[in-house]
Amino acid sequence: MHSFQRRGKELFCEDKSLTSIAEEYGTPLYVYSHSTVTRHYQVFEEAFASIPHIICYAVKANPTGAILKLLAKMDSGADIVSGGELYRALRAGIEPSRIVYSGVGKTEKEMEDALQSDILMFNIESFTELAALDEVAGRMGKRARISLRINPDIDPGTHPYVATGLRTSKFGIPFEYALEGYDRAAKLPNIDIIGVDCHIGSQLTELSPFVDAVKKLIELITVLRQKDNDIQYLDIGGGLGIPYNTENPPSPAEFADAVKRHLAEANVTLILEPGRSIVGNAGILLTRVLYTKKGKDRRFVIVDAGMNDLLRPSLYDAYHEIAHVVDEERDIEVSDIVGPICESGDFLAKDRRLPRFDKGDLIAVMSAGAYGASMSSTYNSRPLAAEVLVNGQTARLIRKRGSCEDLIRGERVT
Ligand code: LLP
């Protein structure tokens, strides 16, 4: 059941009307559904329940403390990519033994902090990073558990900016260098090899790229085991897509069935790093129409949320459904929903046939729970939007709206 539904003319989040939420907390505002986050996590968990697995939620999709805490309570692990994400994950109560650390540019300080916290493993993305981690661990008198992130050269069929498993991508270690990488790692004194990792891209709507990647990595695991490496974990990253518009991605259950089929003999603990599929459709961006104007062939609807609040349309030409919070009989007009930022690329929707918007109307920008708030900025000196988590009839502020003081925090003028 979708948690953003109409009751009469009014759009609700769970049992709370979005109009009342906007009145109480103002706009622009991110609104998340507690039950949707919970359900999406549980559906994933159930899909893989029959095999040993850890769900390491990709913190970058939505790192807000209350969301992480909700996931931590369900025993979620975390996929992190920075010291900041480690800090957030630990603070939310995520078990270090369920944290994996990905990313091409971990600093030595970040490695130290993660070793100190005793996270499950580092997903290593280059030979130079491997050598650095060995040195840091040695200095600290610790051993670092690792997998190599292998770039399997598979086209995920997604937007080029979110395809990460292609030969041309900066991510991972090319498949043909994988054995050399593991040989090097085996010789390092402070490194324990425990896994194999990949992440081929995001917003995948087909199963075949996942299956191809899993097959390639299982072949690699077989060879690695013949060479006496103790491979216990297979991390297949995140990437399962969600419906934004007309996409029809596989369900977590279908995804799990396709993957599990190839794991029967592999004898590994599977690690998954879903982000978008957990939180994407659990959140919306609520914004109010400031002004409208007639362009030559379209109507410009100027709203109080901009590309600084939700970058995805500007950066990827991403589609987000635009919905009236109060649905009334209206003429259809070709509209651009644009923000207040001084950039032509500042739009939330372009060239859409939409029911007419007027000054003061509330708009729900749908499917904004993932990579919305987390990619926001204060460009044009616009304080960050507030965030609210709705549980039944209760809305709770989980991030206060930014202030002008927040904008200048840390600045020095003399
Ligand atoms: N694991 C790794 C190593 C990743 O790099 C990512 C996402 C994930 C897991 C989670 O992927 P997901 O399940 O969310 O697809 N800003 C873009 C998406 C960038 C994804 C980056 N990496 C967007 O708004 O579409």
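The following conversation walks through a predicted model, with its domains, one buried serine and several salt bridges as topics.

Student: Which domains does the assignment give for this protein?
Tutor: The domain assignment gives domain 1, made of 4-32 + 280-407, and domain 2, made of 103-272.

Student: How far apart do the C-alpha centres of domain 1 and domain 2 lie?
Tutor: The C-alpha centres of the two domains are 36 Å apart. Domain 1 brings 9 residues to the contact, and domain 2 brings 7 residues.

Student: What area is buried between domain 1 and domain 2?
Tutor: About 760 Å² is buried between domain 1 and domain 2, and carbon and sulfur atoms give 57% of that area.

Student: And which three residues of domain 1 supply more of its buried area than any other three?
Tutor: They are Asn281, Tyr316 and Tyr319, which together supply 57% of the area that domain 1 buries against domain 2.

Student: How many of the residues on that side of domain 1 are nonpolar, polar or charged?
Tutor: On the side of domain 1 that touches domain 2, there are 3 nonpolar, 4 polar and 2 charged residues.

Student: How many salt bridges are there between domain 1 and domain 2?
Tutor: The count between these domains is 0 salt bridges. The rule does find 1 residue pair in polar contact across the interface of domain 1 and domain 2, with both residues at pLDDT 80 or more.

Student: Then how many salt bridges does a search of the whole structure find?
Tutor: Such a search finds 23 salt bridges. One salt bridge pairs arginine 139 with glutamate 112, and their closest N and O atoms are 3.5 Å apart.

Student: Where are arginine 139 and glutamate 112 in the chain?
Tutor: Arginine 139 belongs to helix H6 (residues 127-140) and glutamate 112 to helix H5 (residues 108-117), so that pair links distant parts of the chain, 27 residues apart. Arginine 139 counts as partly exposed because its relative accessibility is 49%. Glutamate 112 is also partly exposed, at 28% relative accessible area.

Student: Which residues are joined into one network by salt bridges that share partners?
Tutor: Glu108, Glu112, Glu135 and Arg139 are joined in that way.

Student: What about lysine 227: with which residue does it form a salt bridge?
Tutor: Lysine 227 forms a salt bridge with aspartate 183, and the closest N and O atoms are 3.2 Å apart. Lysine 227 lies in the loop between helix H8 (208-226) and strand E12 (233-235), while aspartate 183 lies in helix H7 (residues 178-187), so the pair ties together parts that are 44 residues apart in sequence. Lysine 227 is partly exposed at 40% relative accessible area, and aspartate 183 is partly exposed at 31%.

Student: Changing topic, where does serine 335 lie, and is serine 335 buried or exposed?
Tutor: Serine 335 lies in strand E17 (residues 332-338). Serine 335 counts as buried because its relative accessibility is 0%, and buried means under 20%.

Student: Which residues does serine 335 touch?
Tutor: Leaving out residues up to four places away in sequence, serine 335 touches Arg299, Val301, Ala349, Lys350, Asp351, Arg352 and Leu354.

Student: With which residue does arginine 299 form a salt bridge?
Tutor: Arginine 299 forms a salt bridge with glutamate 333, the closest N and O atoms being 3.2 Å apart. Arginine 299 is in strand E15 (residues 299-303) and glutamate 333 is in strand E17, 34 residues apart.

Student: Is arginine 299 buried or exposed?
Tutor: Arginine 299 is buried, with 11% relative accessible area, whereas glutamate 333 is partly exposed, with 22%.

Key:
Residues are numbered from 1 along each chain as its sequence is written. This is a predicted model: local features need pLDDT of at least 70, side-chain atom pairs count only at pLDDT 80 or more; totals for chains, interfaces and linings use all residues. Side-chain values use heavy atoms; hydrogens and water are left out. Domain bounds come from an automatic or database domain assignment. Contact means heavy atoms within 4.5 Å. Buried area is the accessible area (1.4 Å probe) that two parts lose on being put together, summed over both. A salt bridge is a side-chain nitrogen of Lys or Arg within 4 Å of a carboxyl oxygen of Asp or Glu. A polar contact is a pair of N or O atoms within 3.5 Å; within protein, one must be able to donate a hydrogen and the other to accept it, and residues adjacent in sequence count only if both atoms are side-chain atoms. Ala, Val, Leu, Ile, Met, Phe, Trp, Tyr, Cys and Pro count as nonpolar, Asp, Glu, Lys and Arg as charged, and the others, Gly among them, as polar. Helices (H or I, at least four residues) and strands (E, at least two) are DSSP runs, numbered from the N terminus. Buried means under 20% relative accessible area, exposed over 50%, partly exposed in between (1.4 Å probe, protein chains only).
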